[in-house]
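Open the model in a viewer and keep the selection tool at hand. The stops below are meant to be taken in order.

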Amino acid sequence: MNLTVKLASPALPLCEEWKEGLDGSLFHLANILFFLGFMGGSGFYGLLYLFTFMTLGFFCSILWAWSDPCTTDTFLWNFALFGVCLAQALYIAYKLMSLTFDKDFEDLYNCMFKRLGVSLTHFGKIVASSDGAVHTLEKGQCFAVEEKTQIDKLSVLLSGRIRVTVKGEFLHYIHPFQFLDSPEWDSLRPSEEGIFQVTLHADNQCRYIAWRRKKLYLLFAKHRYIARIFALIVRNDIAEKLYSLSDKAFDNAGQHYDLRLPSYCHMPGPELERAHDLLEVPIPGERTA
């Protein structure tokens, strides 16, 4: 008895011939572009990078699907996704072109925020919270008067020079791109109120930008990253002011005050030098005369 066994056909069609034409190259190029696109970063520039490569990848997929008449559905899906990515890339490019600032704010960004890696998007939110206004102080005009002016804002000097005094005695100057009221700002909690303990008046015409306390705290509540940036630059500004005071502070006897070393703050210069010699740690193996 002769039996004939019929083999079952495979569920999926077998690949009879590997394609080596242009359509295969376009398929591989599209996937390479997708891979590069997904390596993009964050922010507007990262999104622009992502959607630009996605647009190019879907365009190559369109050309690949067009070469095969049996892939009409693939062609339509790639064409739709190509249109979406192209529109998104053009929208982001438009937003970047429209995200421009006045020269004063550009200088502020370059001097204080750019070095910390703050994006233009976050800086735009910072500028918006100040209403984009630049205020002016004429020569001799006071920004704050001790024991009278309320602490209700945070300000940065853009141009000019501010003299800081307490009870008529000179403390230090405030120069461009330094905070006018960083110690007062840092000394208060959001729910507290206070008044200035120093007087700030303009030595010449000054221009500054100011943020109201309530609006700035609302911005901090929405964006913790911006809150950390402000905490960093405000406390750095306070440290610079303390160091400048340490070099210039003397009492009536001509003794030097060192604000960084409270235990030696009343020592004259020769005694400070002797104290420094006593605090020196000898290096092992080093011979002394």
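The tour goes from aromatic rings to charges over rings, then to salt bridges and a pair of helices.

This is a predicted model, in which local features need pLDDT of at least 70 and side-chain atom pairs count only at pLDDT 80 or more, while totals for chains, interfaces and linings use all residues. Residues are numbered from 1 along each chain as its sequence is written, and side-chain values use heavy atoms, with hydrogens and water left out.

**Aromatic rings**

Begin by showing the side chains of Phe, Tyr and Trp. The structure holds 18 aromatic pairs; rings of Phe, Tyr and Trp (its six-membered ring) pair if their centres lie within 6.5 Å, and planes under 30 degrees apart count as stacked, over 60 as edge-to-face and the rest as tilted.

Select Phe27 and Trp64: the ring centres are 5.0 Å apart and the planes stand at 45°, so this pair is tilted. Phe27 belongs to helix 1 (residues 22-37) and Trp64 to helix 2 (residues 43-66), so the pair ties together parts 37 residues apart in sequence. Helices (H or I, at least four residues) and strands (E, at least two) are DSSP runs, numbered from the N terminus. Phe27 is partly exposed at 37% relative accessibility, and Trp64 is partly exposed at 26%. Buried means under 20% relative accessible area, exposed over 50%, and partly exposed in between (1.4 Å probe, protein chains only).

Next, select Phe101, Tyr109, Phe113, Phe123, Trp185, Trp211, Tyr217, Phe220 and Phe230, which ring pairs link into a cluster.

**Charges over rings**

Stay on Trp185 and add Arg213, which lies over the face of that ring at 5.3 Å from its centre. A charge sits over a ring if NZ of Lys or CZ of Arg is within 6 Å of the ring centre and within 35 degrees of the ring normal. Then go to Tyr173, where Arg161 lies over the ring face, 3.9 Å from the centre.

**Salt bridges**

Keep Arg161 selected and add Asp203: the two form a salt bridge, with the closest N and O atoms 3.1 Å apart. Asp203 lies in the loop between strand 6 (199-202) and strand 7, and Arg161 in the loop between strand 3 and strand 4 (162-166), so this bridge ties together parts 42 residues apart in sequence. Are these two residues buried or exposed? Asp203 is buried, at 18% relative accessible area, whereas Arg161 is partly exposed, at 30%.

A search of the whole structure finds eight salt bridges, each a side-chain nitrogen of Lys or Arg within 4 Å of a carboxyl oxygen of Asp or Glu. Another of them joins Asp152 to Arg212, with the closest N and O atoms 2.9 Å apart. Asp152 is in the loop between strand 2 (142-144) and strand 3 (153-159), Arg212 is in strand 7 (residues 206-212), and 60 residues separate the two. Add Lys153 to see a network of salt bridges that links Asp152, Lys153 and Arg212.

Now select Arg235 and Asp186, a salt bridge with its closest N and O atoms 3.4 Å apart. Arg235 is in helix 8 (residues 224-248) and Asp186 in helix 6 (residues 182-187), 49 residues apart. Arg235 is exposed, at 52% relative accessible area; Asp186 is partly exposed, at 36%.

**A helix pair**

Finish with helix 4 (residues 103-113) and helix 5 (residues 120-129), which pack at an angle of about 120° with their axes 12 Å apart. Axes are lines fitted to C-alpha atoms, for helices over the stretch in contact, and angles run from 0 to 180 degrees between N-to-C directions. Helix 4 and helix 5 are therefore oblique to each other; angles under 35 degrees count as roughly parallel, over 145 as roughly antiparallel, 65 to 115 as roughly perpendicular and the rest as oblique.
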